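I'm opening the notebook on this one and jotting down what I look up as I go. Entries are in the order I got to them.

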Amino acid sequence: MRWDPQTRDLLETVRFNREGWGICQVGDRIVTSDGSSELVWRDSRSLQPLGIIKVRLAGQRLDGLNDLDWSAGRIWANIWTRHYLAGIDPASGEVTDVVDARAVRERFPGDPDAVMNGIAALPAPGEFLLTGKRWRFLHHVRLTESRPRDRRP
C-alpha cells in the first residue's frame with residue numbers, strides 16, 4: 001500500500017498471495033509469515049515473492065510461525081498457540097534458538113485465549129517486547145543462556 005503523506009489517503013494497494021501473519025525487514029528485503037512452516041522472502045517495494053524459507057526444528061517442520069522480527073542475524077518468530085520463540089537462521093531455515101516464554105504466559109492463568117501474538121526486537125542485544133491476544137501489557141524480556149538442569153534423582 002502507498003499512502004499520501006499529507007492527506008493519508010490510500011494511493012495504491014499491492015496484491016498479496018498468502019495470509020499475512022507477520023512481517024519484518026531483513027536488509028533490503030521483507031520476510032512474511034502465514035502461520036505455516038514457511039517464511040517468504042519478498043521485494044520490499046512490491047511485496048512480490050522472491051523465495052521461500054522452509055523452517056525446521058531438529059529436522060521437522062515448525063508450523064505456526066506468527067509475528068516476526070530481525071535481531072542478531074536471526075529471524076525471530078513467536079509460535080502461534082505455543083509458549084516459545086524461535087530464532088531462525090535465514091540461510092538454512094533451521095531453528096538455532098528456542099526460547100521458553102512460559103513465565104510470561106503464566107501471568108494469564110485460566111484464560112486459554114490469552115496467547116502470545118507479538119514480538120519486537122529492541123536495540124539492546126537479546127532484548128524483546130512480547131505481547132499477546134488479551135494481554136493488557138507489553139513485557140520487556142532479556143534472553144539469557146539456559147541454566148543447567150538439576151540432574152539429581
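**Entry 1: the three-stranded sheet**

I started with an open sheet of 3 strands, ordered β13-β14-β15 and paired antiparallel. This is a predicted model, so everything I note here is computed from it. The edges of the sheet are β13 (116-121) and β15 (139-142), and each of them pairs on one side only. From one strand to the next, I get an average twist of 30°.

I then checked the pairing of β14, residues 127-132, with β15: it is antiparallel and runs over 4 bridges. For a register point I picked Glu127, whose bridge partner in β15 is Arg142.

**Entry 2: His139**

While on β15 I looked at His139, which lies in that strand. Is His139 buried or exposed? Its relative accessibility is 9%, so it counts as buried, given that the cut-off for buried is under 20%. I also took the C-alpha to C-alpha distance from His139 to Arg15: 34 Å in space, with their positions 124 residues apart in sequence.

**Entry 3: the four-stranded sheet**

Next I traced an open sheet of 4 strands in the order β9-β10-β11-β12, again with antiparallel pairing. Why is one side of β9 and of β12 left without a neighbour in the sheet? β9 (65-71) and β12 (95-100) stand at the edges, so each has a single partner strand. The twist here averages 25° from one strand to the next.

A reminder to myself: strands in a sheet pair through backbone hydrogen bonds, parallel or antiparallel.

I went through two of the pairings in this sheet. β9 and β10 (residues 74-79) are antiparallel over 5 bridges, and Leu68 sits opposite Ala77 of β10. β11 and β12 also run antiparallel, joined by 5 bridges, and Gly87 has Asp97 in β12 as its bridge partner. The β11 and β12 hairpin has 6 residues between the strands, and Gly93 there takes a positive phi near 85°.

**Entry 4: hairpins around β5**

I moved on to β5, starting from its pairing with β4. These two strands are antiparallel over 5 bridges, with Ser33 opposite Leu39 in β5. Their hairpin has 4 residues between the strands, and Gly35 takes a positive phi near 90°.

β5 also pairs with β6 (residues 49-54), antiparallel over 5 bridges. My register point for this pair is Val40, with Ile52 in β6 as its bridge partner. This hairpin has 5 residues between the strands, and the positive phi I noted in the turn, about 65°, belongs to Leu47.

**Entry 5: Asp34**

Asp34 caught my eye in the loop between β4 (29-33) and β5. Is it buried or exposed? Asp34 has a relative accessible area of 17%, so it is buried. What does its side chain pair with? I found a polar contact of 3.0 Å between the side chains of Asp34 and Arg18. Setting aside residues up to four places away in sequence, Asp34 touches Arg18, Glu19, Trp21 and Leu65.

**Entry 6: the cores**

General point before the list: nonpolar side chains tend to be buried together in soluble globular proteins.

The largest nonpolar core here has 17 residues, and the ones touching the most other members are Val31, Leu39, Val55, Leu62, Leu65, Ile75 and Ile88. Which elements give two or more residues to this core? I have β3 (22-26), β5 (38-43), β9, β10 and β11 (84-88).

I followed up Val31 on its own. Leaving out neighbours within four places in sequence, Val31 is in contact with Gly22, Ile23, Cys24, Val26, Leu39, Val40, Trp41, Leu68 and Ile75.

Apart from the largest core there is another one, of 12 residues, including Val99, Val104, Ile119 and Phe128.

**Entry 7: whole-protein numbers**

I closed with the totals. The protein has 1 helix and 15 strands, and its C-alpha trace spans about 65 × 35 × 30 Å along the principal axes. Of its 153 residues, 37% count as buried. The accessible surface is about 10,100 Å², with 48% of that belonging to carbon and sulfur atoms. Among contacts with a separation of 6 or more, 35% come from residues 24 or more positions apart.

Conventions: Residues numbered from 1 in each chain as written. Predicted model: local features only at pLDDT ≥ 70, side-chain atom pairs only at ≥ 80, totals over all residues. Heavy atoms only, no water. Pairing = 2+ DSSP bridges. Axes fitted to C-alpha atoms, helices over the stretch in contact; angles between N-to-C directions. Core = buried A, V, L, I, M, F, W, Y, C linked by side-chain atoms within 4.5 Å. Buried < 20%, exposed > 50% of the residue type's maximum accessible area, 1.4 Å probe, protein only. Contact = heavy atoms within 4.5 Å. Areas by Shrake-Rupley, 256 points an atom, 1.4 Å probe, with all protein chains shown as cover. Polar contact = N/O pair within 3.5 Å; in protein donor to acceptor, adjacent residues only side chain to side chain.
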